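Colleague: I should like to discuss this model with you, one element at a time. Please give the cut-offs as you go.

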Amino acid sequence: MKLTIDNEAQAKLTDYFTDDNAVVLLDFDDGVGPFSKVGVCSLNQAFQLVIVDKTEDLHDYEEKLTTNMGDVYFKGYSDMYLDQVMQIKLNPQNMTLRLVGNSSGDLTPVLNVVDLRKVNN
């Protein structure tokens, strides 16, 4: 699986990838794991980027994607909702991020970034 972050999106995400104490998660927000906002199992098929301290318990995020900015971790079973080739792009109309699959189109039309670091840099 491959994930590329385009130049415009990189500008919005640089601080997270350059923080040595941060981990970037591509979180399938389905109620599994401590960072899910739905709290119970859901039919929601939206992804979000969650930024956490590297000291957090990340056992649910056992798979890793290497991107052009650094590593991104995700729940292994959520790969069924991902494409083999994906991009994070900036939508210039509203300045939001999008997760786009090569064959599926928009996987998440508005990819939220949730910063849960205890000390934001």
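The exchange below takes up a helix, an open sheet, a hairpin and one arginine.

Modeller: This is a predicted model, in which local features need pLDDT of at least 70 and side-chain atom pairs count only at pLDDT 80 or more, while totals for chains, interfaces and linings use all residues. Residues are numbered from 1 along each chain as its sequence is written, and side-chain values use heavy atoms, with hydrogens and water left out.

Colleague: Within what arc do the buried residues of α1 fall?

Modeller: Helices are DSSP runs of H or I with at least four residues, strands are runs of E with at least two, and both are numbered from the N terminus. In α1 (residues 7-18), Ala9, Leu13, Tyr16 and Phe17 are buried, that is, under 20% relative accessible area with a 1.4 Å probe and protein chains only; exposed means over 50%, and partly exposed lies in between. The buried residues line one face of the helix, because the directions from the helix axis to their C-beta atoms fall within an arc of 85°.

Colleague: Which residues are exposed on the other side of α1?

Modeller: Opposite the buried Ala9, Leu13, Tyr16 and Phe17, the exposed residues of α1 are Asn7, Ala11, Asp15 and Thr18.

Colleague: Which strands stand at the edges of the open sheet?

Modeller: Two strands pair if DSSP finds at least two bridges between them. The order of the 4 strands is β1-β6-β7-β8, with mixed pairing. Each edge strand has a single partner, so one side of it is left without a neighbour in the sheet; these strands are β1 (2-5) and β8 (105-108).

Colleague: At about what angle does α1 run to β6?

Modeller: Axes are lines fitted to C-alpha atoms, for helices over the stretch in contact, and angles between N-to-C directions run from 0 to 180 degrees. Contact means heavy atoms within 4.5 Å. The helix α1 lies across β1, β6 and β7, and its angle to β6 is about 95°.

Colleague: Which residue in the turn between β4 and β5 has a positive phi?

Modeller: The strands β4 (residues 63-66) and β5 (residues 71-74) are antiparallel over 4 bridges. They form a hairpin with 4 residues between them, and the phi of about 150° belongs to Gly70.

Colleague: Which side chain makes a polar contact with that of Arg117?

Modeller: Arg117 counts as buried because its relative accessibility is 8%. A polar contact is a pair of N or O atoms within 3.5 Å; within protein, one must be able to donate a hydrogen and the other to accept it, and residues adjacent in sequence count only if both atoms are side-chain atoms. At 2.7 Å, the partner is Asp19.

Methods: Expected span 1.5 Å × (residues − 1).
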